[in-house]
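Here are a few short exercises to work through with the model open beside you. Try each one before reading its solution.

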Amino acid sequence: MSASFDRILPGATLGVMGGGQLGRMFVHAAQSMGYFTAVLDPDVSSPAGRVSHHHIRADYLDPQGLAQLSAVCDAITTEFENVPAPALAALAKSRPVAPDAAAVGIAQDRAQEKAHFVRCGVPCAPYAVIDSAEALAAVPTELLPGILKTARMGYDGKGQVRVADAATLAAAWAQFKHVTCVLEKMLPLAAECSVIVARGRDGAMVHLPPQRNLHREGILAVTEVYEGNLPLAQMASAVTAAKSIAEGLAYVGVLCVEFFLLQDGALVVNEIAPRPHNSGHYSMDACDVSQFELQVRTLAGLPLVTPRQHSPAIMLNLLGDLWFDANGVRPAAVTAPTAPPWAEVLALPGTHLHLYGKLEAKPGRKMGHLNITGATVEEVRATALQASQLLG
Ligand code: ADP
Ligand code: MG
């Protein structure tokens with residue numbers, strides 16, 4: 001039996017499992033609303049741990065660490081879907097936890113996630129679960145060419161490989177050491193988009209405007225949110241689908257649902273993230289309520305209001321590659337002379353810099369993002385182009 005959910009007002013302490021950038025931005029949102037915060041993360045220099053009132057340095061499954069978190073917090077959320085679901089279940093014995101272990105457990109496993117989409121009647125890519133030699137042998141040829149994805153622990157394009165035929169599929173599964181995988185048919189994508197919904201414990205739901213996402217090498221590079229960037233009819237369907245997925249999980253918290261828009265106009269769901277999402281970062285500067293404030297509100301049982309976007313927005317992800325010099329030489333520190341030209345970028349009107357306080361830049365590592373707002377779409381696009389040129 002989980003703890004009951006009373007409204008938790010400012011002055012109380014909100015906790016988060018995981019100390020990455022999403023936890024850091026949650027902590028900032030909670031603190032600006034007058035909450036105290038606690039972060040559980042083993043890393044001494046975790047981005048969220050360094051800005052939180054309490055930082056419990058423990059592994060996610062360490063019973064002592066979990067007891068300490070529970071002792072200081074009035075409610076607990078998560079920022080990272082690979083936080084073990086049993087840790088959330090353990091915390092829920094003494095404190096309200098949102099989202100709950102069951103929802104996070106489904107989002108952690110591509111096979112369960114896809115089964116949930118099917119249950120909700122939301123179309124996803126045709127797929128097969130590969131968990132035995134028999135299942136591999138039974139893969140229907142119409143799923144090829146496809147993408148083989150490990151059922152668990154994949155992110156940013158890691159843990160997946162494109163396979164053309166039965167032989168490369170078998171080799172790829174062996175390369176993944178025969179862990180449970182999902183094979184998905186390769187779909188002809190026209191665009192990728194995502195919808196962020198927030199659902200309160202009373203079942204009330206609000207959403208952010210759908211985001212159009214551009215990936216580079218499997219990592220989100222750019223998110224654009226403005227009228228005309230996505231077809232309206234499909235986006236209305238995406239919002240309805242995202243809400244039915246949240247409803248079906250009896251979800252409490254912020255949920256991101258990623259979709260593919262296919263070349264024939266069909267919309268299919270790709271995956272869910274049980275937390276705020278990189279594609280929702282534009283809401284920090286372009287909406288009157290950010291995805292992190294929605295996370296605070298859902299966790300604390302505060303009223304949910306529909307966020308209003310007051311500016312067209314483009315978000316550029318800032319990856320560690322930006323810190324390396326032209327010869328690919330690794331900088332000694334993130335403050336090295338090869339660091340990006342922040343002053344020039346910030347001289348452009350409507351640029352909002354968010355850096356996550358990571359001490360070391362690595363290629364592909366998410367170091368921060370730049371939100372760009374402006375009076376018109378043309379202005380925002382022009383600024384984004386100038387900023388990208390400055391960033392190289
Ligand atoms: P991750 O957890 O790494 O974000 P995704 O399942 O979202 O994994 O896949 C990463 C990217 O790979 C997607 O954003 C998309 O560009 C591409 N992709 C994934 N699945 C398919 C598919 N079935 N057909 C075509 N492209 C795909
Ligand atoms: Mg994805």
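**Exercise 1.** How many nonpolar, polar and charged residues does the shell around ligand 1 have?

*Solution.* Some ground rules come before the count. This is a predicted model, where local features need pLDDT of at least 70 and side-chain atom pairs count only at pLDDT 80 or more, while totals for chains, interfaces and linings use all residues. Residues are numbered from 1 along each chain as its sequence is written, chains are lettered from A and ligands numbered from 1 in the order in which they are written, and side-chain values use heavy atoms, with hydrogens and water left out.

Step 1: find the shell. Ligand 1 is surrounded by 19 residues (a heavy atom within 4 Å), and the closest are Lys149, Gly157, Glu192, Asn270 and Glu271.

Step 2: sort them by class. You get 6 nonpolar, 5 polar and 8 charged residues; Asp, Glu, Lys and Arg count as charged, Ala, Val, Leu, Ile, Met, Phe, Trp, Tyr, Cys and Pro as nonpolar, and the others, Gly among them, as polar.

**Exercise 2.** Which polar side-chain atoms lie 2.5 Å and 2.7 Å from an oxygen atom of ligand 1?

*Solution.* Step 1: the 2.5 Å pair involves Glu192.

Step 2: the 2.7 Å pair involves Asn270.

Step 3: look at the cover. On its own ligand 1 exposes 550 Å², and the protein buries 92% of that (Shrake-Rupley areas with a 1.4 Å probe).

Step 4: check the domains, whose bounds come from an automatic or database assignment. Domain 2 (126-185) and domain 3 (189-391) each give at least three residues to the shell around ligand 1.

**Exercise 3.** Which residues coordinate the magnesium ion (ligand 2)?

*Solution.* Step 1: look for donors, meaning N, O and S atoms within 2.8 Å of the metal (3.2 Å for Na, K and Ca); water is not among the atoms, so sites may look incomplete. Glu258 (OE) and Glu271 (OE) do the job, at 1.9 to 2.6 Å.

Step 2: place them on the chain. Glu258 sits in strand 13 (residues 253-262) and Glu271 in strand 14 (residues 267-273), so the pair ties together parts that are 13 residues apart in sequence. Strands here are DSSP runs of E, at least two residues, and helices are runs of H or I, at least four, numbered from the N terminus.

**Exercise 4.** Is Glu258 buried or exposed?

*Solution.* Buried means under 20% relative accessible area, exposed over 50%, partly exposed in between (1.4 Å probe, protein chains only). Glu258 has 12% relative accessibility, so Glu258 counts as buried.

Conventions. Polar contact = N/O pair within 3.5 Å; in protein donor to acceptor, adjacent residues only side chain to side chain.
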